[in-house]
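Subject: Structure for your review

Hello,

Here is the structure you are taking over, with the sequence. My notes on it follow below.

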Amino acid sequence: MDTDIPVICSWVRTRQVLQLVSGDAADFLTPALLSGWLARAQIAIVVADEVANQPAGFCTLSCLEVPHLPASYVEICHLIVAPEFRHLFIGSRLVRAAKSLAHDFGYRFVCCRVTPTNKWALALARAQGFQEFTNIKDWLPHGFRWFRFALVGSTNTNTRTEHL
């Protein structure tokens, strides 16, 4: 929801934190940057704290962040967890939801790029069963560690213009 935008932006207050989840050059996450992420996303996923009716975690599924991404892949992008909800498996919930939606959309693989210094994201990718494939495909942008998860039984029947 539009009311979630300032809340999500408040989680990323420094350039260092922004660089863990984005290649954008800024000092912090702004509504304009977040709106750009949403415009390039096939879908945005939000995990909410039902008691406070506030978002607790956010990510997107996108086919537009990586040039030449094969049609059988979708990327989990910009995964962020509210500081007060870290270590409560919000990231795991987001990834599970992303994998489920990607399967429903008909993709064969979910991929994600991780900044090499983001130890929490590296651990999350491994814990969620992703396999590293850094430097294996020539369409992968350099400077990241790349992980993918094979979605069993998927058939890619979606079109790249579908937005939800």
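In strand E6, Glu-132 has Phe-147 as its bridge partner. This is a predicted model, and the notes below should be read with that in mind.

Strand E5 (residues 131-132) and E6 run antiparallel and are joined by 2 bridges. E6 itself covers residues 145-150 and also pairs with E4, again in the antiparallel sense, over 6 bridges. Within that second pairing, Phe-109 is matched with Ala-150 of E6.

After E4 (109-114) comes a loop that leads to helix H5 (119-127), and Pro-116 is found in this loop. Pro-116 counts as partly exposed because its relative accessibility is 44%, which falls between the 20% limit for buried and the 50% limit for exposed. Beyond four places in sequence, Pro-116 touches Leu-122, Gly-143, Phe-144 and Arg-145. Gln-19 is 97 residues from Pro-116 in sequence, yet the C-alpha atoms of the two are 11 Å apart in space.

Next, the cysteines. How many disulfides are there? The count is 0, with a pair of sulfur atoms required to lie within 2.5 Å. The sulfur of Cys-59 has its closest cysteine sulfur in Cys-77, at 8.6 Å, so the two are too far apart for a bond. For Cys-112 the closest cysteine sulfur is that of Cys-111, and at 7.1 Å this is also too far. Cys-59 is buried, because its relative accessible area is 0%; Cys-112, at 12%, is buried as well, since the limit is under 20%.

On the interior: the largest nonpolar core has 51 residues, and the members that touch the most others are Leu-29, Leu-61, Ile-76 and Ile-80. Helix H4 (residues 90-105) supplies the largest share of this core, with 6 residues. Which residues does Ile-80 contact, leaving aside neighbours within four places in sequence? They are Ile-8, Trp-11, Val-12, Val-21, Leu-29, Trp-37, Gly-57, Phe-58 and Leu-94.

Last, a polar residue. Glu-65 sits in the loop that links strand E2 (54-62) with strand E3 (73-81). The Glu-65 side chain makes a polar contact with the side chain of His-78, at 3.3 Å. With neighbours up to four places away in sequence left out, the contacts of Glu-65 are Trp-37, Arg-40, Glu-75, Cys-77, His-78 and Arg-113. Trp-37 is thus listed for Glu-65 and also for Ile-80.

Regards

Definitions and conventions
Residues numbered from 1 in each chain as written. Predicted model: local features only at pLDDT ≥ 70, side-chain atom pairs only at ≥ 80, totals over all residues. Heavy atoms only, no water. Buried < 20%, exposed > 50% of the residue type's maximum accessible area, 1.4 Å probe, protein only. Core = buried A, V, L, I, M, F, W, Y, C linked by side-chain atoms within 4.5 Å. Helix = DSSP H or I, 4+ residues; strand = E, 2+ residues; numbered from the N terminus. Contact = heavy atoms within 4.5 Å. Polar contact = N/O pair within 3.5 Å; in protein donor to acceptor, adjacent residues only side chain to side chain. Pairing = 2+ DSSP bridges.
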